[in-house]
Amino acid sequence: MLQEKVALVTGAATGIGEAVARRFAEEGARVYLFDRDAETNCRVAASIGAAGGWAEAITGDVRRAGDLAGLVEAARARFGRIDILVNNAGIFPRQPFLEITDEQWDEMQDVNLKSMFRLSQLALKSMMAARAGKIVNISSVTFFLGVGNLAHYTASKGGVIGLTRSLARAAGPYNVHVNCVTPGFIQTESEVRFVGDDEARRMVADQCLARRITPLDVARVCQFLACELSDGMTGQCLNVDGGWVMH
Ligand SMILES: NC(=O)c1ccc[n+]([C@@H]2O[C@H](COP(=O)([O-])OP(=O)(O)OC[C@H]3O[C@@H](n4cnc5c(N)ncnc54)[C@H](O)[C@@H]3O)[C@@H](O)[C@H]2O)c1
């Protein structure tokens, strides 16, 4: 379904980003995996290659404009275009509201939001010239719920939805689609580090579906938003949360 498409995925070394990269490669895409964790990222790219897919690992920090430019340039130099961008890299350290420092607030916005603005700007130039493209931004249902010890995170994820909507308006005339995925409580290693078994059971009990939602569940929806099946959609936000939040 993504045969020969050129895709960039940030935060691709683990969790949701890794699942997206693997899924896209299985569907025939040429995938650039971007992550600050060089070792794990290279390992994932190598294992995609060993399974018959096309993947290249690029090491970098989404907070550094030069690293993002290097990612876009690598794809353009090799294939002359970028078909798909999945803005996924993110951090979610919990912190009581009164203890959040200016530095922590700024870091959160830089990693989770500003990076998406910068990379979308870079990729959009190429997509506009081709009059085709799909951008998928990863937000979070925490924006709809409000979470007390994640105010800086929740604000950044609301910003991602705002960015998605405005960018969809700006990019639509050029046939570039911009949509957003809001995952719920996803069974990634990072999430498991923060949430114990009891809290996990409580959160699953709040969902309609009585099971943990996995990175692959999220990756499948990203695939839908990256392929022609979603050609009539832009500026939208899809919850992948087992039916936790409804709107
Ligand atoms: N896991 C969940 O339950 C959940 C729920 C809602 C939204 N999300 C969102 O999904 C995305 C992925 O989350 P995950 O659970 O897979 O997390 P994860 O920690 O497993 O993966 C995040 C990846 O991003 C990379 N990364 C972090 N900061 C970076 C930086 N500055 N530069 C480059 N790479 C960086 C990390 O090295 C890691 O490989 C995030 O945006 C997160 O906010 C996750």
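**Exercises on helix α9, its cysteine and a pocket**

In α9, a helix by DSSP (an H or I run of at least four residues, numbered from the N terminus), the buried residues (under 20% relative accessible area, 1.4 Å probe, protein chains only) are P215, D217, V218, A219, C222, Q223, L225 and A226. The model is predicted, with local features needing pLDDT of at least 70 and side-chain atom pairs pLDDT 80 or more, while totals for chains, interfaces and linings use all residues. Residues are numbered from 1 along each chain as its sequence is written, and side-chain values use heavy atoms, without hydrogens and water.

**Exercise 1.** Determine which elements the buried residues of α9 pack against, and check the length of the helix.

*Solution.* Taking contact as heavy atoms within 4.5 Å, the buried residues of α9 pack against α1 (15–26), β4 (84–87), β5 (133–138), β6 (176–183) and β7 (237–240). Next, the 12 residues of α9 (residues 215–226) should span 16 Å at 1.5 Å a residue, and because the end C-alpha atoms are 16 Å apart, the two values agree.

**Exercise 2.** Establish how many disulfides the structure holds, and where C222 stands.

*Solution.* With a disulfide defined as a pair of cysteine sulfur atoms within 2.5 Å, a search of the whole structure finds zero. C222 is accordingly in no disulfide, the nearest cysteine sulfur, that of C180, being 9.8 Å away. C222 has a relative accessible area of 0%, so this residue counts as buried.

**Exercise 3.** Classify C42 by its accessibility.

*Solution.* The partly exposed class lies between buried and exposed, the latter being over 50%. C42 has 40% relative accessibility and therefore counts as partly exposed.

Notes. Helix = DSSP H or I, 4+ residues; strand = E, 2+ residues; numbered from the N terminus. Expected span 1.5 Å × (residues − 1).
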